[in-house]
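Q: Got a minute to walk me through this one? I'd like to start with how the helices pack.

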Amino acid sequence: MARSASVNTDQVHELLLQALETERGGIQIYTAALKAAVNDDLKKEWNEYLEETRTHEQVLTRVFEQLELDTEAASPGREVVAHLGASLVKAIEMAIKHDTPEAAQLVAAECVVLAETKDHQNWELIGKVVEQGGALAKVLEPAYKAVESDEDHHLYHTMGWGRELWIQSLGMPAVLPPPEEVKNVETAIGASRAEQSREQMLGRKH
């Protein structure tokens, strides 16, 4: 990789390795989460996210090809990401085996949120690299534009699902699908506004 005065290209390489491993882990996590999904709307949502995550892996693979990087290169950070991903899959499988279907679905939602939090940060950081300009940015910018809005969607919508499924499990009125889904939220501010609107949505239900 060509060196830039303002960007540590070795660390960009590390970020890309972790990002690719996160997407690969995400495919496994969504596959496991779908086995735990009980709600039909959530199942449909996660099926879409699984397909989008497969596309994200392909996008990153093309980035590696363009930068002449090894997609299978190892690093301590990548190893940690792989371990965390496998642990989340195992957690979902444990819940399916030992808990009620509703509880397993909730565990799956929480595991997806944990995975998507890392995934979302990866792409946010890739965006920061793009802002620096230069040869790296030219390669990364199309990938960033293709993926970043999906990551916002995955994180904020699943956070909404997790919250509402918890509320439902506590015996309180829940909004399902969650407000984030209804309002098609794709920003942190939008997610906050959607959560604040849930009482109004509940009011309209009664």
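A: Sure. The axes of α4 and helix α5 (residues 135–169) come within 7 Å and cross at roughly 155 degrees. Axes are lines fitted to C-alpha atoms, for helices over the stretch in contact, and angles run from 0 to 180 degrees between N-to-C directions. Helices are DSSP runs of H or I, at least four residues, numbered from the N terminus.

Q: Why is α4 called roughly antiparallel to α5?
A: Because of that crossing angle, α4 counts as roughly antiparallel to α5; the label needs an angle over 145 degrees.

Q: What kinds of residues make the contact of α4 with α5?
A: There are 19 nonpolar, eight polar and six charged residues. Ala, Val, Leu, Ile, Met, Phe, Trp, Tyr, Cys and Pro count as nonpolar, Asp, Glu, Lys and Arg as charged, and the others, Gly among them, as polar.

Q: Is this model predicted or not, and how are residues numbered?
A: It is a predicted model: local features need pLDDT of at least 70, side-chain atom pairs count only at pLDDT 80 or more, and totals for chains, interfaces and linings use all residues. Residues are numbered from 1 along each chain as its sequence is written, and side-chain values use heavy atoms, with hydrogens and water left out.

Q: How far apart are the end C-alpha atoms of α4?
A: They are 45 Å apart. That agrees with the span expected for its 31 residues at 1.5 Å a residue, taken as 1.5 Å times one less than the number of residues.

Q: What comes just after α4?
A: G133, with a positive phi of about 75 degrees.

How values were computed:
Helices (H or I, at least four residues) and strands (E, at least two) are DSSP runs, numbered from the N terminus. Angles under 35 degrees count as roughly parallel, over 145 as roughly antiparallel, 65 to 115 as roughly perpendicular and the rest as oblique.
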